[in-house]
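Me: Please take a close look at one part of this model, and then set that part in the context of the rest of the chain. I should like the cut-offs stated wherever a term is used.

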Amino acid sequence: MQTNIIKLSAPIFTALFVLALAFAFADFTILSLKAWIFVSIFAALVVGLILEPLPPAFIGVIAIAVAVLFKVGPAKSAAADANISSAAAINWGLTGFSNAVVWLIFASFMIGIGYANSGLGKRIALLLVKKLGKSTLGLGYAIAFADLILAPFIPSNAARSGGTIYPIATSIPAMFDSFPDKNPRKIGSYLAWVSLATTCISSSIFLTGQAPNPLALNLVSSAGVKVVDWMGWFLAFLPVGIILFAITPLLTYFIYPPEIKGSPEITKWASDELDKIGKITTKEIIMLCISIAALILWIGSKAFSINATTTAILVIIAMILCKIISWQDFLANKPAWNVLTWFATLVTMAGGLKNVGFLDYLSKNTESLLVHLQPTLALMILLVVFCLLRYFFASGTAYVTAVAGVFATMATKITGFSPEFTMIFLLAPMGMISVLTPYGTGHSPIWFASGYIKGSDFWRLGAIFGLIYFIIYVLIAYPYLSFMQKYIF
């Protein structure tokens, strides 16, 4: 009880502290008192998302309600600040619910139900285990490919791991007397780390690989920086993604090796499991066709003049009409509705920072820090800071909410690079760097809680893989994006 009270009071004291600083040091000729009130509310929101004294989506609703009550957020000038009506305030507060990116994330969560209901996700994973699982290394690649296939369609890496990969990957170690508390290094630890690390990579490869990706683009766009589409994101990370995806099971094999190198029992188990679920069903075939059509439309969104969100909504309609999911499934998907509410409030609050002039204020005060640095050095410093900040956030959503707009503002101050180049260079590895901690993204706690990887090993492996990934990213992405930016943007 006492801990909950402390957690609950922390965001409130944060808001009061920021407001006190505003009174003590702020120049009210640049930013109004209402602007500083909004910044205080936003700071409290970020602290609340980190500590989670209440459900994150509910914290977002509270932040919107307080901002609307004080009529802060929509103002774009000191004159307008004094004339905001209650109707204008609430209209601003609800703008996030009409945001296309928010609905793309929501719709993609619904697509995940289709994979679960049809059984297609499980079949794909078992088929890969059957084909590649004769060796432990091959099994690692089978798990990686299963996640890679699902990643474009299921933006929750927690759902991919928890719903499909985890049940399969944790069923295998028991065959070899490998349990969290007994012989974990035989095979269980290897499979757990490969599952975690490769999901981090797939989360960066696709814009829809994890929910914070499109959210970050939306927040950056709100700060005035041009952003890429689904295909642009894919192209931006593609060469790094291929390399990291290819080496991760192999790196794990040498850095954190399994004691068992292979066994025919694994492929036999997968074959038996496939026999249990029977031949491919009509629903699975329809779901596969719908997925292929969605991928084609996402990749060719410019050519077909169809927005990615429109495609996702069409997929939901197709799944309901084809009875892969029911309307009740749609209404009962609590995680999707939770994310819709959560992200809609975050988009609105982040947009408010631009409206009240805080990002412009921050831009003027950070210009001197970067403008005199050599451009490449400034870019690398931003990347290092952007990645290290990941240690301080237990949620990718909280992370991008707190830093995306700030870094977008800093990006405009680096001479020699366009803000668009700088931001895609910073944002593309977001999923990749979540490998650093056991709490950094949705699927990390799942594998940490499995017990196959000791806490000390988790932190050590996170640092090793994080450093390797970072070095490869810089060496490949910097020259590649410098050459490809004219085709990506």
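**A loop residue and its surroundings**

Reply: Ser305 is exposed, because its relative accessible area is 66% (exposed means over 50%, buried under 20%, partly exposed in between, with a 1.4 Å probe and protein chains only). The model is a predicted one, in which local features need pLDDT of at least 70 and side-chain atom pairs count only at pLDDT 80 or more, while totals for chains, interfaces and linings use all residues. Residues are numbered from 1 along each chain as its sequence is written, and side-chain values use heavy atoms, without hydrogens or water.

Ser305 sits in the loop between α15 (301–304) and α16 (helices are DSSP runs of H or I with at least four residues, strands runs of E with at least two, numbered from the N terminus). The phi angle of Ser305 is near 55 degrees, a positive value in a residue other than glycine. Most residues other than glycine have a negative phi. Asp177 also has a positive phi, near 60 degrees. Asp177 belongs to the loop between α9 (157–169) and α10 (188–205) and is partly exposed, with a relative accessible area of 29%.

Helix α16 spans residues 308–321 and holds Thr311. In contrast to the exposed Ser305, Thr311 is buried, with a relative accessible area of 1%. Setting aside neighbours within four places in sequence, Thr311 is in contact with Ala294, Leu297, Trp298 and Ile306 (contact means heavy atoms within 4.5 Å).

The wider chain has 25 helices and zero strands. Of its 489 residues, 55% count as buried. Among contacts with a separation of 6 or more, 79% are between residues 24 or more positions apart.

Where does the largest nonpolar core receive its biggest contribution? The core itself has 161 residues, of which Trp193, Met349, Tyr473 and Leu481 touch the most other members (a nonpolar core is a set of buried Ala, Val, Leu, Ile, Met, Phe, Trp, Tyr and Cys residues joined through side-chain atoms within 4.5 Å). Helix α25 (residues 455–488) gives the most to this core, with 12 residues. Beyond four places in sequence, Met349 touches Phe38, Ile41, Phe42, Leu45, Ala63, Ile64, Ala67 and Trp92.

Two phenylalanines can be placed by position and exposure. Phe58 lies in helix α3 (residues 56–69) and counts as partly exposed at 42% relative accessibility. Its C-alpha atom is 8.2 Å from that of Thr341, although the two residues are 283 positions apart along the chain. Phe70 is in the loop between α3 and α4 (78–81) and is partly exposed at 43%. Outside the four places to either side in sequence, Phe70 touches Lys34 and Ile37; the C-alpha atoms of Phe70 and Ile37 are separated by 8.4 Å.

Helix packing completes the picture. Helix α20 (residues 375–388) packs with α25 at about 145 degrees, with the axes 13 Å apart (axes are lines fitted to C-alpha atoms over the stretch in contact, and angles run from 0 to 180 degrees between N-to-C directions). The crossing of α20 and α25 is right-handed (the near helix is turned clockwise from the far one by less than a right angle; anticlockwise would be left-handed). In α20, Thr376, Leu379, Met380, Leu383, Val384 and Cys387 meet Phe470, Tyr473, Val474 and Tyr478 of α25. By class, this contact has nine nonpolar residues, one polar and no charged (Ala, Val, Leu, Ile, Met, Phe, Trp, Tyr, Cys and Pro count as nonpolar, Asp, Glu, Lys and Arg as charged, the others, Gly among them, as polar).

Helices α8 (residues 136–150) and α12 (residues 230–255) likewise pack at about 145 degrees, with axes 9 Å apart, in a right-handed crossing. The contact includes Gly140, Tyr141 and Phe145 of α8 and Pro249 and Tyr253 of α12, and counts 10 nonpolar, two polar and no charged residues.

The axes of α7 (residues 120–132) and α13 (residues 264–277) come within 8 Å and cross at roughly 150 degrees. The two helices are therefore roughly antiparallel (over 145 degrees; under 35 is roughly parallel, 65 to 115 roughly perpendicular, the rest oblique). Their crossing is left-handed. Among the residues in contact are Lys122, Arg123 and Lys130 of α7 and Trp269 and Glu273 of α13, and the classes are eight nonpolar, two polar and four charged.
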